[in-house]
Amino acid sequence: MDTTTTQFLYSPHHCKILHMVRHGQGVHNVEAEKNIDALLSPDLFDAPMSSLGWQQVFELRKHVHGIRLLDRVELVVTSPLLRTMQTAVGVFGNEGDIYGSDVDSVMASKNEISTLNTYPPIVASELCRDRLGLRPCDKRRNISECQSLFPEIDFSLASHCMESEEDDLWYPEAREPYEEIAARGIQFLKWLWTRPEKEIVVVSHGVVLQHILYVLENDCHPSIKTDLCKRFNNCELRSVVIVNKRMMDSDSSATSF
């Protein structure tokens with residue numbers, strides 16, 4: 001979507017633009033294609049991106065710079081799992097900040113990309129992390145380790161979502177119900193609305209992004225609902241305009257999208 005020419009039905013004061021990105025292919029995605037039970041392996045703890053994932057990140061970075069999206073984006077919010085943080089920094093951060101075992105091959109042609117003097121701040125939030133429970137690939141590492149790997153990511157700005165050094169949200173017995181993912185998505189949207197930024201990137205996971213879009217689909221034209229809410233591909237960028245309708249009413253304490 002070309003947000004530079006978007007005609008708003010509502011006042012821009014009541015709107016935000018969200019650029020939603022699923023992480024690049026992870027090594028757990030590769031293993032799951034061979035055997036879904038592989039996702040139960042502790043060897044896939046907080047799975048990083050694969051070589052293909054890094055290539056996807058490089059291609060999206062070229063696209064983002066080509067359309068000058070970073071001229072408009074004011075904030076990047078990422079899940080605190082390794083593959084999403086790699087994607088967030090790889091696409092929207094400074095080249096010198098990129099972390100990953102395959103980064104050299106990915107950045108071999110980085111001179112093709114124009115460089116910026118400034119990049120949007122990147123913050124981490126537990127609210128947009130992957131489906132919780134059972135699978136070690138979806139368990140995050142300690143915050144102190146995340147900070148050492150990604151010093152450019154702010155883990156304190158979203159402190160209300162990052163309350164524990166260790167991952168006390170993940171549980172080994174069962175997967176998080178979809179109803180709880182949907183509730184988490186609503187909470188995340190409400191938190192985004194407290195932010196002053198008007199144009200925000202969200203780097204997250206397929207199932208979480210889908211459930212966020214399910215919250216928004218009721219106000220979509222029927223002709224675009226199917227495409228809007230379909231499963232995200234790895235490193236896919238999808239942009240939406242959200243409206244807080246309650247801000248146009250006298251009761252601005254509540255939120256309705």
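This is a walk through the structure above, from its overall layout down to a few single residues. The model is a predicted one, in which local features need pLDDT of at least 70 and side-chain atom pairs count only at pLDDT 80 or more, while totals for chains, interfaces and linings use all residues. Residues are numbered from 1 along each chain as its sequence is written, and side-chain values use heavy atoms, with hydrogens and water left out.

Let's begin with the whole chain. The protein chain has eight helices and six strands. These names come from DSSP runs, numbered from the N terminus: helices are H or I runs of at least four residues, and strands are E runs of at least two. Following the sequence, you meet them in the pattern β-α-α-β-α-α-β-α-β-α-β-α-α-β. How much of the chain is buried? Of its 257 residues, 52% count as buried. Here, buried means under 20% relative accessible area, exposed means over 50%, and partly exposed lies in between, using a 1.4 Å probe and protein chains only.

The strands come together in a sheet. It is an open sheet of six strands in the order β4-β3-β2-β5-β1-β6, with mixed pairing. Two strands pair if DSSP finds at least two bridges between them. Which strands form the edges? They are β4 (153-154) and β6 (237-243), each of which pairs on one side only.

Now look at β1, which spans residues 15-22. Eight of its eight residues are buried. Cys-15, Ile-17, His-19 and Val-21 lie on one side of β1, and Lys-16, Leu-18, Met-20 and Arg-22 on the other. Strand β1 pairs with β5 (residues 199-204) in the parallel sense, over six bridges. Within this pairing, Leu-18 has Ile-200 as its bridge partner, and Val-21 stands opposite Val-203. With β6, in contrast, β1 runs antiparallel, and seven bridges join the two. There, Cys-15 has Val-243 as its bridge partner.

Strand β2 (75-78) comes next. Leu-75 and Val-77 point one way from β2, Val-76 and Thr-78 point the other way, and all are buried. Four bridges join β2 to β5, and these strands run parallel; Val-76 is matched with Val-201 in β5. Strand β2 also pairs in the parallel sense with β3 (residues 122-124), over three bridges, and Val-77 stands opposite Val-123 there.

From the strands we can step to a helix. Helix α3 (residues 82-92) is mostly covered, with 11 of its 11 residues buried. Among them are Leu-82, Met-85, Val-89 and Phe-92. The C-alpha atoms of Phe-92 and Leu-70 are separated by 7.5 Å, although the two residues are 22 apart along the chain. Leu-70 itself lies in the loop between α2 (51-66) and β2, and it counts as buried because its relative accessibility is 9%.

Another loop residue to find is Gln-25, in the loop between β1 and α1 (27-34). Is Gln-25 buried or exposed? Its relative accessibility is 10%, so Gln-25 counts as buried. Leaving aside neighbours within four places in sequence, the residues in contact with Gln-25 include Met-49, Leu-52 and Asn-234, where contact means heavy atoms within 4.5 Å. The side chain of Gln-25 also makes a polar contact with the side chain of Ser-50, at 2.5 Å. A polar contact is a pair of N or O atoms within 3.5 Å; within protein, one must be able to donate a hydrogen and the other to accept it, and residues adjacent in sequence count only if both atoms are side-chain atoms.

Finally, let's visit the rings. The structure holds one aromatic pair. Phe-188 and Trp-191 form this stacked pair, at 6.1 Å centre to centre and 25° between the planes. Rings of Phe, Tyr and Trp (its six-membered ring) pair if their centres lie within 6.5 Å; planes under 30 degrees apart count as stacked, over 60 as edge-to-face and the rest as tilted. Because they are three residues apart in helix α6 (residues 178-194), Phe-188 and Trp-191 are separated by about one helical turn. Both Phe-188 and Trp-191 are buried.

Elsewhere, the charged end of Arg-131 sits over the ring of Tyr-178, 4.2 Å from its centre. Lys-16 lies over the face of Trp-193, at 5.4 Å from the ring centre. A charge sits over a ring if NZ of Lys or CZ of Arg is within 6 Å of the ring centre and within 35 degrees of the ring normal.
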